[in-house]
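These are my notebook entries on a structure that I examined on screen. I wrote down each item as I looked it up.

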Amino acid sequence: MSAVPTSASVGVPPRNMVFDHEGAEKRYPFYDGNALASLMFVVFSGIFPPGERFFVDSVRAFRDRIEDPVLKAQVSGFIGQEALHGREHDRLNQAFAARGIAVEVPERYVRWSLRQLKRLPRRQQLACTLFMEHFTAHLAERWLKDERFKATSEPEMMKLWLWHALEELEHKAVAYDVFEAVGGTWGERAAAGALVVGVLLPGVLASWGVLLAKEGQAGDLRGNLRGLGHLFGRQGFLTGVIRRMPDFFGRRFHPRRHDTAALEAEWREILFGAEGRLNAEFRNREALAAAAA
Ligand SMILES: [Fe+2]
Ligand SMILES: [Fe+2]
(Lines give C-alpha, C1' and ligand atoms only; values in the text may rest on other atoms or scores of the structure.)
(Ligands and ions follow the chains in the order given, each with its own letter.)
Protein backbone atom coordinates (compact mmCIF):
# COMPACT_ATOMS: atom_id res chain seq x y z
CA MET A 1 0.00 0.00 0.00
CA SER A 2 1.28 3.48 -0.84
CA ALA A 3 2.32 5.82 1.99
CA VAL A 4 -0.66 8.11 1.43
CA PRO A 5 -3.81 6.01 1.08
CA THR A 6 -5.66 6.41 -2.22
CA SER A 7 -9.16 5.31 -3.13
CA ALA A 8 -7.63 2.41 -5.07
CA SER A 9 -5.32 1.34 -2.25
CA VAL A 10 -8.18 1.28 0.29
CA GLY A 11 -10.38 -0.90 -1.91
CA VAL A 12 -12.79 1.67 -3.38
CA PRO A 13 -11.38 2.26 -6.89
CA PRO A 14 -13.53 4.43 -9.14
CA ARG A 15 -13.39 2.43 -12.38
CA ASN A 16 -14.03 4.55 -15.42
CA MET A 17 -16.23 2.20 -17.45
CA VAL A 18 -17.66 3.12 -20.81
CA PHE A 19 -20.35 0.73 -22.00
CA ASP A 20 -21.82 0.37 -25.42
CA HIS A 21 -25.41 1.51 -25.04
CA GLU A 22 -25.90 1.62 -28.80
CA GLY A 23 -28.82 -0.60 -29.53
CA ALA A 24 -29.94 -0.76 -25.88
CA GLU A 25 -33.44 -0.04 -27.17
CA LYS A 26 -33.34 -3.23 -29.25
CA ARG A 27 -32.42 -5.26 -26.22
CA TYR A 28 -35.58 -4.34 -24.32
CA PRO A 29 -37.25 -6.16 -22.56
CA PHE A 30 -33.92 -7.30 -21.20
CA TYR A 31 -35.03 -9.33 -18.16
CA ASP A 32 -36.46 -12.71 -19.14
CA GLY A 33 -38.35 -11.05 -22.00
CA ASN A 34 -40.74 -9.70 -19.37
CA ALA A 35 -41.92 -6.08 -19.57
CA LEU A 36 -42.99 -5.64 -15.95
CA ALA A 37 -39.75 -7.02 -14.51
CA SER A 38 -37.60 -5.15 -17.05
CA LEU A 39 -39.37 -1.87 -16.31
CA MET A 40 -38.50 -2.20 -12.61
CA PHE A 41 -34.87 -2.03 -13.71
CA VAL A 42 -35.64 0.92 -15.96
CA VAL A 43 -37.04 2.60 -12.84
CA PHE A 44 -33.82 1.82 -10.95
CA SER A 45 -31.74 3.19 -13.79
CA GLY A 46 -33.90 6.32 -13.85
CA ILE A 47 -33.56 7.02 -10.15
CA PHE A 48 -29.86 6.21 -9.81
CA PRO A 49 -28.35 9.41 -11.27
CA PRO A 50 -30.28 11.87 -9.06
CA GLY A 51 -30.06 9.44 -6.12
CA GLU A 52 -26.33 9.06 -6.42
CA ARG A 53 -25.87 12.83 -6.62
CA PHE A 54 -27.80 13.10 -3.36
CA PHE A 55 -25.56 10.43 -1.74
CA VAL A 56 -22.42 12.23 -2.87
CA ASP A 57 -23.63 15.64 -1.63
CA SER A 58 -24.65 14.24 1.75
CA VAL A 59 -21.24 12.61 2.30
CA ARG A 60 -19.26 15.50 0.84
CA ALA A 61 -20.87 17.85 3.37
CA PHE A 62 -18.85 16.11 6.10
CA ARG A 63 -15.67 15.46 4.18
CA ASP A 64 -13.67 18.15 5.97
CA ARG A 65 -14.48 16.66 9.35
CA ILE A 66 -12.91 13.28 8.54
CA GLU A 67 -9.43 12.94 9.96
CA ASP A 68 -8.69 9.25 9.43
CA PRO A 69 -6.64 9.10 6.18
CA VAL A 70 -8.06 5.69 5.23
CA LEU A 71 -11.64 6.88 5.59
CA LYS A 72 -10.75 10.09 3.72
CA ALA A 73 -9.47 7.99 0.80
CA GLN A 74 -12.57 5.79 0.95
CA VAL A 75 -14.74 8.90 0.77
CA SER A 76 -12.88 9.99 -2.39
CA GLY A 77 -13.46 6.53 -3.83
CA PHE A 78 -17.13 6.60 -2.88
CA ILE A 79 -17.64 9.98 -4.55
CA GLY A 80 -15.80 8.83 -7.68
CA GLN A 81 -17.65 5.51 -7.93
CA GLU A 82 -21.09 7.08 -7.49
CA ALA A 83 -20.32 9.87 -9.98
CA LEU A 84 -19.32 7.30 -12.61
CA HIS A 85 -22.39 5.14 -11.91
CA GLY A 86 -24.55 8.20 -12.44
CA ARG A 87 -22.80 9.02 -15.70
CA GLU A 88 -23.25 5.52 -17.16
CA HIS A 89 -26.88 5.28 -16.03
CA ASP A 90 -27.49 8.68 -17.61
CA ARG A 91 -26.11 7.31 -20.88
CA LEU A 92 -28.25 4.18 -20.61
CA ASN A 93 -31.29 6.32 -19.82
CA GLN A 94 -30.72 8.33 -22.97
CA ALA A 95 -30.82 5.07 -24.93
CA PHE A 96 -34.07 4.12 -23.17
CA ALA A 97 -35.53 7.53 -23.96
CA ALA A 98 -34.56 7.12 -27.62
CA ARG A 99 -36.57 3.89 -27.64
CA GLY A 100 -39.54 5.85 -26.24
CA ILE A 101 -39.39 4.35 -22.74
CA ALA A 102 -40.49 7.11 -20.35
CA VAL A 103 -37.49 6.81 -18.03
CA GLU A 104 -37.88 10.51 -17.18
CA VAL A 105 -41.01 9.70 -15.15
CA PRO A 106 -39.22 7.98 -12.22
CA GLU A 107 -36.26 10.34 -12.63
CA ARG A 108 -38.39 13.46 -12.26
CA TYR A 109 -40.31 12.06 -9.31
CA VAL A 110 -37.16 11.08 -7.44
CA ARG A 111 -35.61 14.48 -8.08
CA TRP A 112 -38.65 16.06 -6.46
CA SER A 113 -38.50 13.66 -3.47
CA LEU A 114 -34.82 14.28 -2.94
CA ARG A 115 -35.44 18.03 -2.95
CA GLN A 116 -37.79 17.42 -0.01
CA LEU A 117 -35.12 15.41 1.82
CA LYS A 118 -32.62 18.23 1.18
CA ARG A 119 -34.63 20.41 3.57
CA LEU A 120 -33.56 18.16 6.46
CA PRO A 121 -30.54 18.86 8.68
CA ARG A 122 -27.36 17.68 6.98
CA ARG A 123 -26.72 14.75 9.30
CA GLN A 124 -30.30 13.57 8.81
CA GLN A 125 -29.72 13.71 5.07
CA LEU A 126 -26.63 11.58 5.54
CA ALA A 127 -28.71 9.10 7.57
CA CYS A 128 -31.13 8.90 4.61
CA THR A 129 -28.18 8.08 2.38
CA LEU A 130 -27.23 5.23 4.74
CA PHE A 131 -30.65 3.67 4.37
CA MET A 132 -30.58 3.99 0.58
CA GLU A 133 -27.06 2.57 0.51
CA HIS A 134 -28.27 -0.35 2.65
CA PHE A 135 -30.98 -0.99 0.09
CA THR A 136 -28.55 -0.64 -2.83
CA ALA A 137 -26.02 -2.98 -1.22
CA HIS A 138 -28.61 -5.74 -0.94
CA LEU A 139 -29.83 -5.03 -4.45
CA ALA A 140 -26.20 -5.40 -5.54
CA GLU A 141 -25.92 -8.75 -3.83
CA ARG A 142 -28.96 -10.01 -5.71
CA TRP A 143 -27.49 -8.74 -8.98
CA LEU A 144 -24.42 -10.86 -8.39
CA LYS A 145 -26.22 -13.91 -7.00
CA ASP A 146 -29.68 -14.21 -8.55
CA GLU A 147 -29.31 -17.12 -10.95
CA ARG A 148 -32.47 -16.45 -12.94
CA PHE A 149 -31.57 -12.81 -13.39
CA LYS A 150 -28.11 -13.73 -14.63
CA ALA A 151 -29.32 -16.54 -16.87
CA THR A 152 -32.16 -14.67 -18.54
CA SER A 153 -30.87 -11.09 -18.73
CA GLU A 154 -29.55 -9.55 -21.87
CA PRO A 155 -25.72 -9.97 -21.67
CA GLU A 156 -24.75 -6.43 -22.71
CA MET A 157 -27.09 -4.93 -20.14
CA MET A 158 -25.71 -7.26 -17.46
CA LYS A 159 -22.27 -5.69 -17.76
CA LEU A 160 -23.49 -2.39 -16.34
CA TRP A 161 -25.43 -4.03 -13.51
CA LEU A 162 -22.52 -6.29 -12.51
CA TRP A 163 -19.97 -3.45 -12.41
CA HIS A 164 -22.35 -1.24 -10.46
CA ALA A 165 -23.17 -4.10 -8.08
CA LEU A 166 -19.53 -4.86 -7.28
CA GLU A 167 -18.74 -1.22 -6.53
CA GLU A 168 -21.85 -0.83 -4.36
CA LEU A 169 -20.51 -3.65 -2.19
CA GLU A 170 -16.99 -2.24 -2.17
CA HIS A 171 -18.21 1.11 -0.81
CA LYS A 172 -21.23 -0.05 1.19
CA ALA A 173 -19.81 0.99 4.57
CA VAL A 174 -18.25 4.34 3.61
CA ALA A 175 -21.24 6.63 4.21
CA TYR A 176 -21.95 4.69 7.40
CA ASP A 177 -18.42 5.16 8.73
CA VAL A 178 -18.63 8.89 7.99
CA PHE A 179 -21.96 9.06 9.86
CA GLU A 180 -20.40 7.36 12.90
CA ALA A 181 -17.31 9.56 12.74
CA VAL A 182 -19.45 12.70 12.93
CA GLY A 183 -21.58 11.47 15.82
CA GLY A 184 -24.67 10.19 14.00
CA THR A 185 -27.28 8.67 16.28
CA TRP A 186 -29.59 5.66 16.19
CA GLY A 187 -32.57 8.02 16.31
CA GLU A 188 -31.43 9.74 13.10
CA ARG A 189 -31.00 6.35 11.50
CA ALA A 190 -34.47 5.14 12.50
CA ALA A 191 -36.06 8.37 11.30
CA ALA A 192 -34.19 8.05 7.99
CA GLY A 193 -35.77 4.68 7.26
CA ALA A 194 -39.26 6.10 7.74
CA LEU A 195 -38.46 9.26 5.74
CA VAL A 196 -37.04 7.42 2.76
CA VAL A 197 -39.83 4.86 2.65
CA GLY A 198 -42.50 7.52 3.15
CA VAL A 199 -41.15 10.08 0.67
CA LEU A 200 -39.66 7.92 -2.07
CA LEU A 201 -41.45 4.58 -2.21
CA PRO A 202 -44.99 5.62 -3.23
CA GLY A 203 -43.82 7.61 -6.24
CA VAL A 204 -41.30 5.00 -7.29
CA LEU A 205 -44.05 2.37 -7.38
CA ALA A 206 -46.43 4.76 -9.10
CA SER A 207 -43.88 5.63 -11.79
CA TRP A 208 -43.34 1.91 -12.39
CA GLY A 209 -47.09 1.62 -13.07
CA VAL A 210 -46.97 4.65 -15.38
CA LEU A 211 -44.16 3.07 -17.40
CA LEU A 212 -46.11 -0.17 -17.68
CA ALA A 213 -49.18 1.67 -18.90
CA LYS A 214 -47.18 3.78 -21.36
CA GLU A 215 -45.67 0.61 -22.78
CA GLY A 216 -49.18 -0.72 -23.29
CA GLN A 217 -48.46 -3.68 -21.02
CA ALA A 218 -50.80 -2.93 -18.11
CA GLY A 219 -53.40 -5.37 -19.46
CA ASP A 220 -51.02 -8.27 -19.92
CA LEU A 221 -52.21 -10.13 -16.85
CA ARG A 222 -50.31 -13.33 -17.44
CA GLY A 223 -47.02 -11.59 -18.25
CA ASN A 224 -47.39 -9.21 -15.32
CA LEU A 225 -48.08 -12.01 -12.86
CA ARG A 226 -44.99 -13.82 -14.09
CA GLY A 227 -42.95 -10.62 -13.69
CA LEU A 228 -44.33 -10.04 -10.19
CA GLY A 229 -43.32 -13.61 -9.32
CA HIS A 230 -39.78 -12.95 -10.57
CA LEU A 231 -39.53 -9.89 -8.34
CA PHE A 232 -41.63 -10.66 -5.28
CA GLY A 233 -42.13 -14.43 -5.27
CA ARG A 234 -40.59 -16.73 -2.66
CA GLN A 235 -37.25 -16.69 -4.46
CA GLY A 236 -37.95 -13.27 -6.02
CA PHE A 237 -35.23 -10.79 -6.85
CA LEU A 238 -36.60 -8.08 -4.57
CA THR A 239 -37.92 -10.45 -1.90
CA GLY A 240 -34.34 -11.10 -0.83
CA VAL A 241 -33.67 -7.35 -0.65
CA ILE A 242 -36.81 -6.45 1.29
CA ARG A 243 -36.13 -9.19 3.81
CA ARG A 244 -32.85 -7.50 4.78
CA MET A 245 -34.27 -3.98 5.24
CA PRO A 246 -35.14 -4.38 8.97
CA ASP A 247 -31.45 -5.08 9.74
CA PHE A 248 -30.85 -1.35 9.34
CA PHE A 249 -32.83 -0.55 12.47
CA GLY A 250 -30.75 -2.74 14.78
CA ARG A 251 -28.78 -0.74 17.33
CA ARG A 252 -25.60 -2.64 16.50
CA PHE A 253 -26.10 -2.50 12.74
CA HIS A 254 -23.06 -1.98 10.58
CA PRO A 255 -23.00 -2.73 6.83
CA ARG A 256 -19.87 -4.88 7.16
CA ARG A 257 -21.50 -7.15 9.75
CA HIS A 258 -23.18 -8.74 6.75
CA ASP A 259 -19.96 -10.01 5.23
CA THR A 260 -19.70 -9.89 1.44
CA ALA A 261 -15.89 -9.80 1.16
CA ALA A 262 -15.67 -13.24 -0.49
CA LEU A 263 -18.41 -12.38 -2.98
CA GLU A 264 -16.64 -9.10 -3.83
CA ALA A 265 -13.29 -10.86 -4.34
CA GLU A 266 -14.92 -13.49 -6.56
CA TRP A 267 -16.57 -10.88 -8.79
CA ARG A 268 -13.54 -8.60 -8.87
CA GLU A 269 -11.69 -11.51 -10.42
CA ILE A 270 -14.52 -12.44 -12.82
CA LEU A 271 -15.01 -8.88 -14.03
CA PHE A 272 -11.56 -7.32 -13.73
CA GLY A 273 -9.02 -10.14 -13.26
CA ALA A 274 -6.42 -11.16 -15.89
CA GLU A 275 -9.21 -12.55 -18.09
CA GLY A 276 -11.82 -10.13 -16.74
CA ARG A 277 -15.12 -9.96 -18.58
CA LEU A 278 -15.23 -6.16 -18.44
CA ASN A 279 -11.60 -5.31 -19.10
CA ALA A 280 -12.39 -3.98 -22.58
CA GLU A 281 -14.73 -1.35 -21.10
CA PHE A 282 -12.35 -0.47 -18.22
CA ARG A 283 -10.64 2.79 -19.24
CA ASN A 284 -8.44 3.65 -16.25
CA ARG A 285 -7.12 0.23 -15.34
CA GLU A 286 -3.43 1.20 -15.41
CA ALA A 287 -3.94 4.45 -13.51
CA LEU A 288 -5.83 2.66 -10.72
CA ALA A 289 -3.28 -0.16 -10.59
CA ALA A 290 -0.50 2.42 -10.17
CA ALA A 291 -2.48 4.25 -7.48
CA ALA A 292 -3.05 1.00 -5.59
CA ALA A 293 0.60 -0.06 -5.69
FE1 LIG B 1 -23.97 3.54 -7.26
FE1 LIG C 1 -23.68 3.45 -3.43
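**Entry 1: a pair within one helix**

I began with E88 and R91, which both lie in helix α2, three residues apart, about one turn of the helix. The model I am reading is a predicted one. I found that the side chains of E88 and R91 meet in a salt bridge, with 2.8 Å from N to O. I then asked whether E88 is buried or exposed. E88 counts as buried, at 0% relative accessibility, whereas R91 is partly exposed, with a relative accessible area of 30%. I noted as background that side chains of opposite charge can pair when their charged atoms come close.

**Entry 2: a pair in helix α4**

I next looked up E141, which forms a salt bridge with K145. The closest N and O atoms of this pair are 2.8 Å apart. E141 and K145 are four residues apart in helix α4, so about one helical turn separates them. E141 is buried, at a relative accessible area of 9%, and K145 counts as partly exposed at 39%.

**Entry 3: a pair between two helices**

I turned to E170 and R268, whose side chains meet in a salt bridge of 2.8 Å, N to O. E170 lies in helix α6 (residues 155-170) and R268 in helix α11 (residues 261-272), so the pair ties together parts that are 98 residues apart in sequence. I recorded that salt bridges sharing partners join R15, E167, E170 and R268 into one network. E170 counts as buried at 4% relative accessibility, while R268 is partly exposed at 31%. How many salt bridges does the count come to? I entered 17 salt bridges.

**Entry 4: the iron site**

I then asked which residues are the protein donors of the iron ion (ligand 2). They are E82 (OE), E133 (OE), E133 (OE), E168 (OE), E168 (OE) and H171 (NE2), lying 2.0 to 2.8 Å from the ion. Along the chain, these donors follow the spacing E-x50-E-x34-E-x2-H. I classed the site of the iron ion (ligand 2) as irregular, with angles of 51 to 152° among its six donor atoms. For reference, ideal angles at a metal with six octahedral donors are 90 or 180 degrees.

I noted further that E82 bridges the iron ion (ligand 2) and the iron ion (ligand 1), which lie 3.8 Å apart. E82 lies in helix α2 (residues 69-98) and E133 in helix α4 (residues 122-145), so the pair ties together parts that are 51 residues apart in sequence. E82 is buried, with a relative accessible area of 0%, and E133 counts as buried at 3%.

Note on methods:
Residues are numbered from 1 along each chain as its sequence is written. Chains are lettered from A and ligands numbered from 1 in the order in which they are written. This is a predicted model: local features need pLDDT of at least 70, side-chain atom pairs count only at pLDDT 80 or more; totals for chains, interfaces and linings use all residues. Side-chain values use heavy atoms; hydrogens and water are left out. Donors are N, O and S atoms within 2.8 Å of the metal (3.2 Å for Na, K and Ca); water is not among the atoms, so sites may look incomplete. Four donors count as tetrahedral if all angles lie between 85 and 135 degrees; four count as square planar and six as octahedral if opposite donors are over 155 degrees apart and all others between 65 and 115; anything else is irregular. Buried means under 20% relative accessible area, exposed over 50%, partly exposed in between (1.4 Å probe, protein chains only). A salt bridge is a side-chain nitrogen of Lys or Arg within 4 Å of a carboxyl oxygen of Asp or Glu.
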